[in-house]
Amino acid sequence: MRLSELNTGEKGVIVKVLGHGGFRKRIVEMGFIKGKTVEVILNAPLKDPIKYRLLGYEISLRRQEADMIEVVSEQEARTMQNPYHGSITEDVPVPESELVALAKGKRRTINVALVGNPNCGKTSLFNIASGAHEHVGNYSGVTVDAKEGFFDFQGYHFRIVDLPGTYSLSAYTPEELYVRKHIIEETPDVIINVADSSNLERNLYLTTQLIDMNVRMVIALNMYDELEASGNKLDYTKLSQLTGVPMVPTVCRRGEGIDKLFHVIIGIYEGGDFLSQKGEIRSEILEELRDWHKTYVPDHEFGSHKEEEEARPRGYMRHIHINHGPELERSIEEVKKAISQNESIRHKYSTRFLSIKLLENDKEIENFISTLPNGKEIIAIRNKEALRIRKVMNEDSEQAITDAKYGFITGALKETFTDNHLEKEQTTRVIDSIVTHRIWGYPIFFLFLYIMFEGTFVLGDYPMQGIEWLVDQLGNLIRNNMAEGPLKDLLIDGIIGGVGGVIVFLPNILLLYFFISILEDSGYMARAAFIMDKIMHRMGLHGKSFIPLIMGFGCNVPAIMATRTIEDRKSRLITMLVNPLMSCSARLPIYLVMIGAFFPNYASFMLLCIYTAGILLAVVMARIFSKFLVKGEDSPFVMELPPYRMPTSKSIMRHTWEKGAQYLKKMGGIIMIASIIIWFLGYYPQHDAYESAAEQQENSYIGQIGKAIEPVIKPLGFDWKLGIGLISGVGAKELVVSTLGVLYTNEGDMENVNLSDRIPITPLVALAYMLFVLIYFPCIATFAAIKQESGSWKWAIFTAGYTTGVAWLVAFAVFQIGNFIV
Ligand code: GDP
Ligand code: MG
């Protein structure tokens with residue numbers, strides 16, 4: 001009986017909650033847990049929602065939601081034969097304990113559906129389990145229907161349905177539609193996804209779609225005998241972890257692995273629903289479950305089998321999302337947002353599944369969506385997104401989704417499957433065998449990196465000079481045509497000086513993004529992440545952390561945004577926290593000035609040292625953070641290996657521009673404001689009261705601040721002017737150079753004298769200063785990005801704190817030890 005069928009005033013005890021994972025989770029979180037008593041406060045025939053009392057609270061549920069909850073009612077209890085408690089026939093209230101016992105007894109029925117490709121052994125499994133003798137063999141479904149069989153095991157009663165074989169869950173064939181409909185309408189408790197182990201790549205495609213539907217399932221790796229005979233190897237435990245689906249090798253023809261398979265099913269069925277917010281099984285429920293087993297299933301204690309333990313969510317059953325890549329995920333998210341407005345369908349469908357299907361142009365889902373109140377709007381958004389996908393990815397969204405799913409499968413199998421035969425000469429395989437080679441992969445990768453950086457700086461130099469010239473011209477134009485006064489100074493020194501000093505790096509940054517986009521779009525970046533995975537793991541990070549770290553050399557802001565591709569929260573957070581140690585391009589001018597002045601003879605060596613220092617520090621910090629700071633185990637995930645593709649100029653331009661635009665925004669916002677503030681602090685008070693510019697600076701607000709912090713930076717060998725440089729660098733690192741330029745002015749001809757000749761410090765101080773600049777406070781924009789991406793101020797403030805602290809220590813050590821030696 002369903003909860004929705006109870007009348008006002010009646011009571012029922014919950015047997016189970018049906019439907020997909022997202023729905024079950026929500027309902028269980030509300031307190032609708034098996035074995036709990038629900039009383040109907042108000043259920044009028046035409047009224048929606050229905051009001052219930054549960055655990056002493058009043059809760060309302062939609063009728064359709066209540067329809068997904070199975071209960072035992074008092075009335076039902078009277079008619080039920082219960083071997084353990086005797087039947088209750090008189091017209092007296094049924095004791096609640098009896099109801100609970102009945103509900104628990106009823107729970108022993110587990111509905112299972114067999115889903116898989118044709119000829120993977122579903123019927124063989126069905127026959128073995130149910131003792132039936134259905135026809136087994138190589139035929140393609142003539143009639144589309146399902147056979148039902150029963151199987152008793154460990155005190156449970158399994159109702160098994162053998163569904164027609166399908167390669168996919170689209171609406172193209174009657175079989176596919178039938179299977180999909182069965183899963184959604186009949187809501188089996190657990191799905192057995194039967195897969196032919198000797199042809200995993202194709203079989204797992206269906207699995208990825210079942211994952212989208214967020215159903216409870218187990219994979220029977222059938223024909224495991226053939227896999228073993230072929231000499232290939234599969235690490236199926238790892239594959240389970242990557243996909244979030246438990247896997248059991250079976251040989252259905254000989255009946256091997258069936259016991260284990262059904263143990264896992266019990267584990268999934270019993271363990272899945274009762275999670276606390278943290279995803280842990282609630283201890284009182286686990287107790288109850290064990291008691292119940294003692295009563296009903298004396299020879300079987302729940303959790304006494306390893307498989308049942310493992311299948312529980314703390315083990316490898318965790319729901320994952322197949323990552324379809326940033327562009328598609330963005331579209332899926334957009335469509336999903338619109339679909340999610342329809343509360344009334346969420347009990348039945350995973351909204352993520354619906355949006356993926358819509359983007360695949362699934363006609364049946366489209367018809368269904370059109371009946372929703374905002375159906376037109378949803379379809380319009382889908383059309384817009386599909387168009388966008390076609391533009392940026394140069395293929396239609398349906399194809400793109402298929403490719404992404406195969407990318408997921410290829411990545412997962414690359415890590416777990418060892419092919420011991422050299423198979424088909426596919427282009428992707430050939431290229432992969434070279435660029436992910438365990439020795440050659442690395443030099444090839446570093447060659448690409450070298451070309452990227454070299455290209456960025458060499459090619460970027462020309463437009464850079466052009467922009468410099470333009471900025472100068474603009475400054476001169478204002479200088480020659482405006483009346484004297486603070487406004488003129490603000491425009492020239494504050495805005496043009498500040499923003500102009502930064503905008504010259506735009507070509508470098510666009511070029512860097514241009515190269516990164518090519519590497520990403522061609523599919524190579526995924527391989528680079530793949531080969532770096534092992535090394536990154538030693539740092540407590542993940543292969544996918546590698547790309548954001550590399551991007552950090554350009555600018556930490558988009559790099560921190562790029563951490564979104566890392567599914568694992570721990571790795572993602574640590575990648576964000578250490579990202580500022582990757583020396584961004586904004587810090588380069590400072591090094592160039594200092595190195596040019598103090599280490600002209602080993603310029604490139606020094607530059608390399610500084611960058612390396614940042615990288616080494618990142619490695620050390622990442623290890624420390626993953627050991628002591630960020631809690632949680634690494635959850636393994638798949639590194640998608642999408643097919644190689646010739647990048648289109650359109651999509652490269654688009655990606656480059658998108659990232660460049662972020663940089664320009666930073667320019668127009670934070671850098672502009674910071675420049676104005678610094679200018680203001682340096683200009684006032686009493687700008688005109690001093691003889692020389694230097695004297696004026698010393699007495700300005702900024703001079704006062706610099707003097708105030710001098711005691712703190714004195715042990716590092718810095719004077720107040722260098723201190724001010726650091727303070728302004730908090731706004732944006734580019735501002736350090738321009739601030740020093742203003743502070744260390746020679747009387748009169750400041751334009752003509754090289755800045756480096758004007759800074760009266762020793763090389764040792766210069767080195768300490770460069771290191772300090774490398775490490776300390778990430779700029780405001782990075783700070784904001786960390787806050788946004790980590791979702792809390794805590795981590796942003798932490799990053800600012802630890803970097804500044806470490807910077808101080810490093811500079812202190814260098815300066816003091818250096819002094820000691822020299
Ligand atoms: P269905 O189309 O998924 O229902 O697959 P069937 O159960 O009809 O099986 C297709 C073929 O695979 C039959 O010839 C079975 O005998 C064979 N088969 C089933 N399971 C296994 C297995 O574990 N190992 C091997 N080698 N063959 C199997
Ligand atoms: Mg069959």
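**Ligand shell and two sheets**

Of the 17 residues around ligand 1, those that come nearest are Asn119, Lys122, Thr123, Ser124 and Cys252; a residue counts as near a molecule if one of its heavy atoms lies within 4 Å of it. This is a predicted model, in which local features need pLDDT of at least 70 and side-chain atom pairs count only at pLDDT 80 or more, while totals for chains, interfaces and linings use all residues. Residues are numbered from 1 along each chain as its sequence is written, chains are lettered from A and ligands numbered from 1 in the order in which they are written, and side-chain values use heavy atoms, with hydrogens and water left out.

The polar contacts of the ligand (pairs of N or O atoms within 3.5 Å) involve both backbone and side chain. A backbone N or O atom of Asn119 is 2.7 Å from an oxygen atom of ligand 1, and a polar backbone atom of Cys120 lies 3.1 Å from an oxygen atom of the ligand. Ser124 places a polar side-chain atom 2.7 Å from a ligand oxygen atom. Taken alone, ligand 1 exposes 580 Å², of which the protein buries 86%; accessible areas come from the Shrake-Rupley method with a 1.4 Å probe.

Two helices, α5 (122-130) and α8 (224-230), each supply at least two residues of the shell around ligand 1. Helix α5 gives the most, with 3 residues. Helices (H or I, at least four residues) and strands (E, at least two) are DSSP runs numbered from the N terminus. By class, the shell residues divide into 6 nonpolar, 7 polar and 4 charged, where Ala, Val, Leu, Ile, Met, Phe, Trp, Tyr, Cys and Pro count as nonpolar, Asp, Glu, Lys and Arg as charged, and the others, Gly among them, as polar.

Next come the sheets. Strands of a sheet pair through backbone hydrogen bonds, either parallel or antiparallel. Here two strands pair if DSSP finds at least two bridges between them. One open sheet has 5 strands in the order β4-β3-β2-β1-β5, with antiparallel pairing. Its edge strands, each pairing on one side only, are β4 (57-61) and β5 (69-73). Strand β3 (residues 50-54) is joined to β4 by 5 bridges, and Leu54 has Tyr57 of β4 as its bridge partner.

Another open sheet has 6 strands in the order β7-β8-β6-β9-β10-β12, and its pairing is mixed. The edges are β7 (147-153) and β12 (247-249). Strand β7 pairs with β8 (residues 156-162) in the antiparallel sense over 7 bridges, and Gly149 stands opposite Ile160 in β8. Helix α9 (residues 236-243) packs on this sheet, touching β10 (217-222) and β12; contact means heavy atoms within 4.5 Å.

How values were computed. Polar contact = N/O pair within 3.5 Å; in protein donor to acceptor, adjacent residues only side chain to side chain. Axes fitted to C-alpha atoms, helices over the stretch in contact; angles between N-to-C directions.
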